[in-house]
Amino acid sequence: MRSEPLLCVADSNIWVDLHFGRLVEKTFSLPIRFAAPDVIISELQRPSGSDLVALGLREEELSGELVLKVADLAARYIRPSRQDLFALVLAEAFGATLLTGDGALRDAAREIGVEVHGTIWLLDQMMAHGIIDGRERAQALKLMIDYGSRLPKEEVESRLDEDQNG
């Protein structure tokens, strides 16, 4: 059994999805410690990075050595943004789970052996811990899709069916 809460490093699209799904504050009720690189926190506007830090998001600055690793990965993986690669390197350095919805970043994480999940996994965790119910999950998913989130269609439909028929 895990003695400390799971540590997850989240990129910006996770927080944007949660913002539009109106679940940012409830996310911090999970038995998970959340961290993000300072470069991601500084770019966030909706929700603001400072609001997330106030809720409990740990802001982390990468060492020079880790920034060099970001540069190495940027040469190897051209599709993820540099900021997203900061999240990947931080997750790897901490032995943490990476949270992202970016397909190219997910692929890079898997290739270097970093566990990776996305927004739907977080919603499932909130359900499992009794933080939200099926109605709230369905409403959040619909809001996220309405605001242009690129969540995996099959997973969204599966959760919506489960929430409506469960």
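Glu-60 has a relative accessibility of 17% and therefore counts as buried, since buried means under 20%. The structure is a predicted model. This briefing covers the surroundings of Glu-60 and then the aromatic pairs, of which a search of the whole structure finds 4.

**Glu-60 and its surroundings**

- Glu-60 is located in strand 3, which covers residues 58-60.
- A polar contact of 2.8 Å joins the side chain of Glu-60 to the side chain of Arg-58.
- When neighbours within four places in sequence are left aside, Glu-60 is in contact with Ala-35, Ala-36, Pro-37, Asp-38, Leu-90 and Phe-94.

**The aromatic pair Phe-20 and Tyr-147**

- A pair of aromatic rings is described by the distance of the centres and the angle of the planes.
- Among the 4 aromatic pairs found in the whole structure is the one formed by Phe-20 and Tyr-147, which is stacked, with 4.2 Å from centre to centre and 15° between the planes.
- This pair links distant parts of the chain, as its two residues are 127 residues apart.
- Phe-20 belongs to helix 1 (residues 12-20), whereas Tyr-147 lies in the loop between helix 9 (134-146) and helix 10 (153-165).
- Phe-20 counts as buried because its relative accessibility is 16%, while Tyr-147, at 46%, counts as partly exposed.

**The aromatic pair Phe-28 and Phe-34**

- The ring centres of Phe-28 and Phe-34 are 5.5 Å apart and their planes meet at 70°, so this pair is edge-to-face.
- Phe-28 and Phe-34 are both buried.
- Together with Trp-15, Phe-28 and Phe-34 make up one aromatic cluster.

Key
Residues are numbered from 1 along each chain as its sequence is written. This is a predicted model: local features need pLDDT of at least 70, side-chain atom pairs count only at pLDDT 80 or more; totals for chains, interfaces and linings use all residues. Side-chain values use heavy atoms; hydrogens and water are left out. Rings of Phe, Tyr and Trp (its six-membered ring) pair if their centres lie within 6.5 Å; planes under 30 degrees apart count as stacked, over 60 as edge-to-face and the rest as tilted. Helices (H or I, at least four residues) and strands (E, at least two) are DSSP runs, numbered from the N terminus. Buried means under 20% relative accessible area, exposed over 50%, partly exposed in between (1.4 Å probe, protein chains only). A polar contact is a pair of N or O atoms within 3.5 Å; within protein, one must be able to donate a hydrogen and the other to accept it, and residues adjacent in sequence count only if both atoms are side-chain atoms. Contact means heavy atoms within 4.5 Å.
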